[in-house]
Amino acid sequence: AASELSLWGAKVKARVTSFWLLPPTVQPGLTAIVSVSVNQNGELTAPPRIISSSGNAVFDDTLLRAIQKSSPLPALPSENAYRFMRESGGLSLRFTK
């Protein structure tokens with residue numbers, strides 16, 4: 001399930017990035033880690049939450065909004081991936097801009 005989830009994570013990041021509007025005043029090189037929970041179809045089952053802040057509220061807030069606008073995210077690749085996500089309480093994704 002881990003390699004499947006890595007591929008899924010890359011697809012999610014590409015989709016979220018297409019919705020992410022970051023003001024030019026935010027300096028580049030920031031990173032935040034977000035936890036997302038989805039059903040097998042990729043629909044969010046809970047609001048995404050920051051588990052490691054970038055230290056910049058605008059960066060973090062616009063990232064969370066982009067994830068919500070991106071829903072549904074790509075469907076999970078398998079039942080095993082869904083079970084892993086459910087048992088771990090969500091999936092952590094790292095975003096850098």
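Guide: Two strands pair if DSSP finds at least two bridges between them. The model discussed here is predicted.

Visitor: In β3, which residue is the bridge partner of Ala32?
Guide: Strand β1 covers residues 31-36, and strand β3 covers residues 91-96. These two strands pair in the antiparallel sense over 6 bridges. In β3, the residue bridged to Ala32 is Phe95.

Visitor: And in β2, which residue is the bridge partner of Val34?
Guide: Strand β2 spans residues 49-52 and pairs with β1 in the antiparallel sense, over 3 bridges. The partner of Val34 in β2 is Ile50.

Visitor: What is the order of the strands in the open sheet?
Guide: Strands of a sheet pair through backbone hydrogen bonds, parallel or antiparallel. In this open sheet of 3 strands the pairing is antiparallel. The edge strands, each pairing on one side only, are β2 and β3. The order is therefore β2-β1-β3.

Visitor: By how many degrees are neighbouring strands of this sheet turned against each other on average?
Guide: The sheet is open and has 3 strands. With direction ignored, the average turn between its neighbouring strands is 40°.

Visitor: How many of the 6 residues of strand β1 are buried?
Guide: A residue counts as buried when its relative accessible area is under 20%. Strand β1 is largely enclosed by the rest of the structure, because the number of its 6 residues that are buried is 5.

Visitor: Which helix packs on the sheet?
Guide: The helix touches β1 and β3. Its direction makes about 45° with that of β3. The helix is α1.

Visitor: At what angle do α1 and α2 pack?
Guide: The axes of the two helices are 8 Å apart. An angle from 65 to 115 degrees counts as roughly perpendicular, and α1 is roughly perpendicular to α2. The angle is about 110°.

Visitor: How many residues of the contact of α1 with α2 are nonpolar?
Guide: On the α1 side the contact is made by Arg15, Val16 and Phe19. On the α2 side it is made by Leu63, Ala66, Ile67, Lys69 and Ser70. Of these residues 2 are charged and 1 is polar, and the nonpolar ones number 5.

Visitor: How many residues apart in sequence are the parts tied together by the pair of Trp20 and Phe59?
Guide: The structure holds 2 aromatic pairs. Trp20 and Phe59 form an edge-to-face one, 5.0 Å centre to centre with 70° between the planes. Trp20 lies in the loop between α1 and β1 and Phe59 in helix α2, so the pair ties together parts whose separation in residues is 39.

Visitor: Is Phe59 buried or exposed?
Guide: The cut-off for buried is a relative accessible area under 20%. Phe59 has 0% relative accessibility, so it counts as buried.

Visitor: Which residues form one aromatic cluster?
Guide: Trp20 is buried, at a relative accessible area of 4%. Its ring and that of Phe95 have centres 6.1 Å apart and planes at 90°, so this pair is edge-to-face. The pair links the loop between α1 and β1 to strand β3, 75 residues apart. The cluster is formed by Trp20, Phe59 and Phe95.

How values were computed
Residues are numbered from 1 along each chain as its sequence is written. This is a predicted model: local features need pLDDT of at least 70, side-chain atom pairs count only at pLDDT 80 or more; totals for chains, interfaces and linings use all residues. Side-chain values use heavy atoms; hydrogens and water are left out. Buried means under 20% relative accessible area, exposed over 50%, partly exposed in between (1.4 Å probe, protein chains only). Helices (H or I, at least four residues) and strands (E, at least two) are DSSP runs, numbered from the N terminus. Rings of Phe, Tyr and Trp (its six-membered ring) pair if their centres lie within 6.5 Å; planes under 30 degrees apart count as stacked, over 60 as edge-to-face and the rest as tilted. Axes are lines fitted to C-alpha atoms, for helices over the stretch in contact, and angles run from 0 to 180 degrees between N-to-C directions. Angles under 35 degrees count as roughly parallel, over 145 as roughly antiparallel, 65 to 115 as roughly perpendicular and the rest as oblique. Contact means heavy atoms within 4.5 Å. Ala, Val, Leu, Ile, Met, Phe, Trp, Tyr, Cys and Pro count as nonpolar, Asp, Glu, Lys and Arg as charged, and the others, Gly among them, as polar.
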